[in-house]
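Please walk through this structure with its charged pairs and its strands in view. The sequence and the model are shown here.

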Amino acid sequence: MNFSAFDEAAMRRALELAARGLNTTHPNPRVGAVLARDEEIVGEGWHERAGEPHAEPLAIRAAGDRARGATAYVTLEPCNHQGRTPPCVDVLLAAGVRRVVYAVDDPNPRVNGTGAARLRAAGLKVESGLLAAEAEALNEGFLMRMRHQRPFVRLKSGVSLDGHTALANGESRWITGTAARDDVQLWRAQSGAVLTSAATVLADDPRLDVRIETTRQPLRVVLDRRRAVKKSARILESPGETVLFAAAKKVAARKSAPAESFENGRIERVPVARNHLDLKRVFARLAELEINDVLVEAGPRLSGALINGGFVDEWLVYLAPKLLGNGARPLATLPRLTSLEKAAEFELRESAVLGNDVRLRLRPKQQR
């Protein structure tokens with residue numbers, strides 16, 4: 001489709017508005033909307049959190065009578081179902097909008113093209129695909145959950161120049177500096193869940209909560225096959241909820257057993273596969289819990305299992321200019337290779353200097 005320079009500018013503004021909900025909309029997508037008439041913006045809105053108005057009705061409210069005959073620019077296909085709020089399609093039709101431009105289709109089964117179809121059936125001009133890549137990037141977790149029934153998995157690692165994450169005795173505080181650790185807080189804040197292993201909890205006793213200003217805490221998830229985490233662990237005392245995934249009993253090997261509650265959280269049981277918890281089932285269950293994005297902060301064994309299993313969608317590597325020497329713990333425990341052709345490869349998407357450290361954003365070269 002041929003979009004004008006103003007169309008693109010208006011959609012970029014809608015994307016800027018959508019990004020304001022980066023840390024707050026979970027489990028809903030981040031959506032922005034702009035209303036314009038005669039190439040003049042007359043109303044703006046963005047979705048802030050689940051249960052509150054969506055972007056389109058807020059933009060229409062801001063536009064008032066000027067919404068009639070306007071073009072609506074929306075970063076995601078308008079919804080056509082009754083959820084916590086009324087369908088946005090109804091609001092657009094009632095306001096007299098004549099044209100709708102949206103960036104990306106909504107794969108939610110309750111939408112999935114029906115919003116656009118209903119608008120077209122009512123006589124509106126509907127166009128899509130404008131700045132679709134940017135809109136996809138803003139909602140990778142939500143789109144992953146809707147399309148593949150699993151969250152977007154982001155692995156975080158702090159590593160030395162010689163490829164180690166801790167000394168041989170396990171000491172790892174702190175490989176990276178303050179700026180890098182502050183950056184991790186930003187990633188935690190926008191994640192639906194932060195996941196680690198029981199081994200990391202036993203070794204480091206982390207809290208894994210968000211320690212910057214936030215309206216919510218992510219779900220904390222511990223893979224604890226043998227239920228080794230003690231009740232005194234700080235992760236169980238932090239604000240918010242913690243879920244421990246433990247091994248299912250043999251009779252429940254094919255299905256997840258009912259959750260067992262404890263103070264500040266619960267235990268969910270899943271099958272064991274290849275001597276560790278079935279990661280596919282773990283992520284499927286998190287998707288059922290409406291988790292869009294998972295930030296994994298763990299040691300080399302779990303990191304290696306995630307990489308080897310093809311579960312890592314993005315890897316945040318914080319590279320510190322330090323050398324930890326022989327015998328230090330590796331970045332990830334992976335099978336021995338006999339050929340470089342079989343090596344897992346990643347693409348560098350972004351690099352940033354954070355104090356004395358460098359953050360690399362990596363993506364697997366062959367996405368599933």
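**Salt bridges and strand pairing**

A search of the whole structure, which is a predicted model, finds 29 salt bridges. Side chains of opposite charge can pair when their charged atoms come close. Three of these pairs are taken in turn below, followed by the strands.

The side chains of E8 and R12 form a salt bridge, with 3.1 Å from N to O. Both residues belong to helix α1 (residues 5-18), where they are four residues apart, about one turn of the helix. E8 counts as partly exposed because its relative accessibility is 34%. R12 is also partly exposed, its relative accessible area being 37%.

A second salt bridge brings together the side chains of R234 and D205, at 4.0 Å from N to O. This pair links distant parts of the chain, 29 residues apart: R234 is in the loop between β9 (219-223) and β10 (242-247), and D205 is in the loop between α8 (198-204) and β9. With a relative accessible area of 32%, R234 is partly exposed. D205, at 28% relative accessibility, counts as partly exposed.

The third pair is E350 with R361, whose side chains meet in a salt bridge of 3.6 Å, N to O. E350 lies in strand β18 (residues 346-354) and R361 in strand β19, so the salt bridge ties together parts that are 11 residues apart in sequence. On which side of the cut-offs do E350 and R361 fall, buried or partly exposed? E350 has a relative accessible area of 32% and is partly exposed. R361 has a relative accessible area of 18%, and it is buried because buried means under 20%. The E350 and R361 pair does not stand alone: salt bridges that share partners join E140, R154, D183, E314, E350, R359, R361 and R363 into one network.

R361 also gives a view across the chain. The C-alpha atoms of R361 and K156 are 9.5 Å apart in space, while the two residues are 205 residues apart in sequence. Strand β18 offers another such case in F346, which lies in that strand. The C-alpha atoms of F346 and P364 are separated by 4.4 Å, and the residues are 18 apart along the chain. F346 is partly exposed, with 23% relative accessible area.

The next element is strand β16 (residues 314-320). Six of its seven residues are buried, so β16 is largely enclosed by the rest of the structure. Which strands pair with β16? Strand β6 (residues 152-160) pairs with β16 in the parallel sense, over seven bridges. Within this pairing, G158 has Y318 of β16 as its bridge partner. Strand β19 (residues 357-364) runs antiparallel to β16, and five bridges join the two. Here V317 has L360 of β19 as its bridge partner. β16 therefore has a parallel pairing with β6 and an antiparallel pairing with β19, and its largely enclosed state follows from the count of buried residues. In a regular strand the side chains alternate between the two faces of the sheet.

Strand β3 (71-76) can be read in a similar way. β3 is mostly covered, because six of its six residues are buried. Strand β1 (residues 32-37) and β3 run antiparallel and are joined by four bridges. In this pairing the bridge partner of V34 is Y73 of β3. β3 also pairs with strand β4 (residues 99-104), in the parallel sense and over five bridges. There the bridge partner of L76 is V104 of β4.

The loop that comes before β3 leads to a charged part of the surface. R66 lies in the loop between α2 (55-63) and β3. At 42% relative accessibility, R66 counts as partly exposed. R66 forms a positive surface patch together with R37, R98 and K125. Patches are made of residues with over 30% relative accessible area and no salt bridge, and R66, at 42%, is over that cut-off.

Definitions and conventions: Residues numbered from 1 in each chain as written. Predicted model: local features only at pLDDT ≥ 70, side-chain atom pairs only at ≥ 80, totals over all residues. Heavy atoms only, no water. Patch = residues over 30% accessible without salt bridge, like charges linked within 9 Å, V, L, I, M, F, W, Y side chains within 5 Å. Areas by Shrake-Rupley, 256 points an atom, 1.4 Å probe, with all protein chains shown as cover. Lys, Arg positive; Asp, Glu negative; His and termini not counted. Charge placed at Lys NZ, Arg CZ, Asp CG, Glu CD. Buried < 20%, exposed > 50% of the residue type's maximum accessible area, 1.4 Å probe, protein only. Pairing = 2+ DSSP bridges.
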